[in-house]
Amino acid sequence: MDHVRDVPTVPKNAVRWLSFGPYYGMFPVDFALKVVTQYTQPGDMVLDPFAGRGTTVAAAAALNRCGFGVEINPVGWLYGAVKLAPADVTRVLQRLEDIAARSSAYAHEASQLPEFYLWCFAPGVRQFLLAAREHLRWKDDPVDATLMAFILLYLQGKRGEALSNQMRQQKSMAPAYSVRWWKVRDMKPPEIDPVSFLVPRIRWRYALGTLHPGISEMLLGDSRELLLARQGTAQARYQLLLTSPPYYGLTSYYYDHWLRYWLLGGPELPSMVGEAWVRESRHNNQKRYRELLQTVFAAAAEMMAPDATIYVRTDARDFTRQVTEEILGKAFPRKRIHVQPAPFRRRPQTALFGDPEPKPGEVDLILTN
């Protein structure tokens with residue numbers, strides 16, 4: 001049984017922003033649009049407690065629903081918050097010029113960065129990134145947040161399409177591996193002027209307009225805390241919970257984005273010490289993983305309308321699927337669970353990094369009355 005209709009048409013101003021922000025493990029945009037259309041009506045409220053780069057929330061906004069998402073990884077949160085409400089483009093471009101003007105003060109500091117950065121970015125780019133890292137108040141200022149999100153977007157990727165030497169766009173590679181790869185090929189970082197590079201790309205993103213998010217929003221933090229706080233203030237009930245929790249023991253959501261996290265103030269080289277979300281981002285403790293899902297879905301259950309749909313995409317491997325299905329059944333005991341396989345249509349990311357073993361794909365757990 002196909003539970004999801006064809007991809008709906010969205011306004012032109014939404015198209016370029018819906019896909020904003022490369023993010024490892026992200027929801028496909030078309031999938032989110034289809035599910036939101038299938039299970040809600042305009043004006044309904046949509047919840048995503050593991051929001052990633054905010055695809056569910058942005059899809060809800062584009063379709064005239066009210067989305068609310070929570071994301072603990074600041075890289076994903078920044079993409080989601082900016083795609084919902086980017087600052088005025090003129091002010092963003094002015095701030096870009098301001099950061100570039102400050103770059104020359106960082107020449108010495110740029111030369112002292114670890115070897116990875118010397119091979120990854122040309123000197124002028126390193127200076128620009130250090131100025132942005134120091135001066136952009138991305139948590140508090142909408143203009144700074146928007147500019148930082150654009151810099152993160154183009155921080156790494158193919159030569160000529162990003163500020164970096166040749167890299168993957170979605171996933172930050174290990175520093176030692178990257179340096180060896182570049183050295184073997186004698187591949188020096190490209191000389192790029194960050195302003196000349198970023199200005200046309202920023203203008204292109206705004207050219208068709210921006211999303212009209214209404215009261216949709218993305219919060220930065222832990223769903224285990226923020227959903228409980230939300231319960232006391234939310235009078236309306238959510239009609240759809242659409243989310244994909246982190247998969248047990250599959251990947252580190254910090255390590256996959258460590259370079260972008262550095263630009264947001266994180267350590268120069270990947271390290272699993274520091275903030276709690278960094279230490280726990282691999283989710284390889286079965287007890288804590290179970291507790292995470294129990295707490296979040298129990299809190300979400302208190303926020304849902306009686307006839308709401310719960311749509312959860314998760315890992316098809318035995319432990320992740322079984323514990324997710326078990327916890328959803330307890331959180332929503334009056335609903336029926338429909339199981340719909342969602343096999344990988346393309347090679348999984350793990351195959352690109354030396355793991356040839358076949359993967360069972362994903363599975364959609366759909367709970368209805």
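Colleague: Two residues are in contact when heavy atoms lie within 4.5 Å. The model is predicted. Which residues does Ala-51 touch, not counting residues up to four places away in sequence?

Modeller: Ala-51 sits in the loop between S1 and helix H3 (55-62). One partner is 18 residues away in sequence, yet its C-alpha lies 5.3 Å from that of Ala-51. With residues up to four places away left out, Ala-51 touches Gly-69, Val-70, Glu-71 and Met-218.

Colleague: Is Ala-51 buried or exposed?

Modeller: The cut-off for buried is under 20% relative accessible area. Ala-51 has 6%, so the residue counts as buried.

Colleague: And Gln-41, is that residue buried or exposed?

Modeller: Gln-41 is also found in a loop, between helix H2 (29-39) and strand S1 (45-48). Exposed means over 50% relative accessible area. Gln-41 has 53%, so this residue is exposed.

Colleague: Which helix gives the most to the largest nonpolar core?

Modeller: The largest nonpolar core has 87 residues, and those with the most contacts inside it include Leu-78, Phe-116 and Leu-259. Nine residues of this core come from one helix, residues 142-153, which gives the most: H9.

Colleague: How many residues are in the second, separate core?

Modeller: Leu-293, Val-296, Val-323 and Leu-328 are among its members. The size of this second core is 33 residues.

Colleague: Where do the buried residues of H16 fall, seen down its axis?

Modeller: H16 runs over residues 318-331 and reaches 20 Å from its first C-alpha to its last, close to the expected 20 Å. Its buried residues are Thr-320, Val-323, Thr-324, Ile-327, Leu-328 and Ala-331. Seen down the axis, these fall within an arc of 130°, so they line one face of the helix.

Colleague: Which residues are exposed on the other side of H16?

Modeller: The buried residues of H16 pack against helix H15 (286-301), strand S5 (304-315) and strand S7 (362-368). On the other side, the exposed residues are Asp-318, Gln-322 and Lys-330.

Colleague: Are the rings of Phe-116 and Trp-258 stacked, edge-to-face or tilted?

Modeller: The count of aromatic pairs comes to 23. For Phe-116 and Trp-258, the ring centres are 5.2 Å apart and the planes are at 55°. Planes under 30 degrees apart count as stacked and over 60 as edge-to-face. The angle of 55° fits neither, so the pair is tilted.

Colleague: How many residues apart along the chain are Phe-116 and Trp-258?

Modeller: Phe-116 is in helix H7 (residues 115-120), and Trp-258 is in helix H13 (residues 258-263). The pair links distant parts of the chain, and the separation is 142 residues.

Colleague: How far apart are the ring centres of Tyr-117 and Trp-262?

Modeller: This pair is tilted, with its planes at 55°. It links helix H7 to helix H13, 145 residues apart. Tyr-117 and Trp-262 are both buried. Their ring centres are separated by 4.7 Å.

Colleague: Which ring does the charged end of Arg-201 sit over?

Modeller: For a charge to sit over a ring, CZ of Arg has to be within 6 Å of the ring centre. The charged end of Arg-201 is 3.7 Å from the centre of its ring, and that ring belongs to Phe-197.

How values were computed
Residues are numbered from 1 along each chain as its sequence is written. This is a predicted model: local features need pLDDT of at least 70, side-chain atom pairs count only at pLDDT 80 or more; totals for chains, interfaces and linings use all residues. Side-chain values use heavy atoms; hydrogens and water are left out. A nonpolar core is a set of buried Ala, Val, Leu, Ile, Met, Phe, Trp, Tyr and Cys residues joined through side-chain atoms within 4.5 Å. Buried means under 20% relative accessible area, exposed over 50%, partly exposed in between (1.4 Å probe, protein chains only). Helices (H or I, at least four residues) and strands (E, at least two) are DSSP runs, numbered from the N terminus. The expected span of a helix is 1.5 Å times one less than its number of residues. The arc is that of the directions from the helix axis to the C-beta atoms. Rings of Phe, Tyr and Trp (its six-membered ring) pair if their centres lie within 6.5 Å; planes under 30 degrees apart count as stacked, over 60 as edge-to-face and the rest as tilted. A charge sits over a ring if NZ of Lys or CZ of Arg is within 6 Å of the ring centre and within 35 degrees of the ring normal.
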